[in-house]
Amino acid sequence: MDIKSMKNYVYWLYCQFELITCSYLMEPWEKLLFYTFNITMLVMVLYTAYIFVSVHISTAFQFFLHLFGNQHENTVSVVK
């Protein structure tokens, strides 16, 4: 795939995005406000997913290890 067709494809995707969101009807200052808000929300969602999904996966992994019998022994029960 050459650069010109890639450039045309990205431009086509941008035009589709503007058609779907009806942002082609907005004035430039409205577009700036709209895009800034959307990008900010996307970054916040990605950051939250990056931080909290790993914690949930770790907790689920520990739960399933405990469920299937690979649990740590209590130090009180080890005393003979």
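**Figure 1. Ser 23, a buried residue in a predicted model.** Start with Ser 23: it is buried, at a relative accessible area of 0%. Keep in mind that this is a predicted model. Ser 23 sits in the loop that runs between helix H1 (3-21) and helix H2 (28-67). Which residues is Ser 23 in contact with, leaving aside its neighbours within four places in sequence? They are Glu 18, Lys 31, Phe 34 and Tyr 35. Two of these contacts, Phe 34 and Tyr 35, turn up again in the aromatic views below.

**Figure 2. Phe 17 and Tyr 35, an aromatic pair between two helices.** The structure has 4 aromatic pairs. One of them joins Phe 17 and Tyr 35 in a tilted arrangement, with 5.9 Å from centre to centre and 35° between the planes. Phe 17 belongs to helix H1 and Tyr 35 to helix H2, so this pair ties together parts that are 18 residues apart in sequence. How do the two partners fare for accessibility? Phe 17 comes out as partly exposed, at 35% relative accessibility. Tyr 35 has 18% relative accessibility, and it counts as buried because the cut-off for that is under 20%.

**Figure 3. Phe 34 and Tyr 35, a second look at the tyrosine ring.** Here Tyr 35, the buried ring at 18% relative accessibility, is shown with Phe 34. Their ring centres are 5.7 Å apart and their planes meet at 50°, so this pair is tilted. Phe 34 is partly exposed, with a relative accessible area of 22%. Put the rings of both views together and you get one aromatic cluster, formed by Phe 17, Phe 34 and Tyr 35. Ser 23 is in contact with two members of that cluster, Phe 34 and Tyr 35.

**Figure 4. The whole chain, for orientation.** Zoom out and the protein chain shows 3 helices and 0 strands. Going along the sequence, the pattern reads α-α-α. How much of the protein chain is made up of buried residues? The share is 5% of the 80 residues, and Ser 23 is one of the buried ones. The protein chain exposes about 7,700 Å², and 73% of that comes from carbon and sulfur atoms.

Notes: Residues are numbered from 1 along each chain as its sequence is written. This is a predicted model: local features need pLDDT of at least 70, side-chain atom pairs count only at pLDDT 80 or more; totals for chains, interfaces and linings use all residues. Side-chain values use heavy atoms; hydrogens and water are left out. Helices (H or I, at least four residues) and strands (E, at least two) are DSSP runs, numbered from the N terminus. Buried means under 20% relative accessible area, exposed over 50%, partly exposed in between (1.4 Å probe, protein chains only). Contact means heavy atoms within 4.5 Å. Rings of Phe, Tyr and Trp (its six-membered ring) pair if their centres lie within 6.5 Å; planes under 30 degrees apart count as stacked, over 60 as edge-to-face and the rest as tilted. Accessible areas come from the Shrake-Rupley method with a 1.4 Å probe; for residues, only the protein chains shown count as cover.
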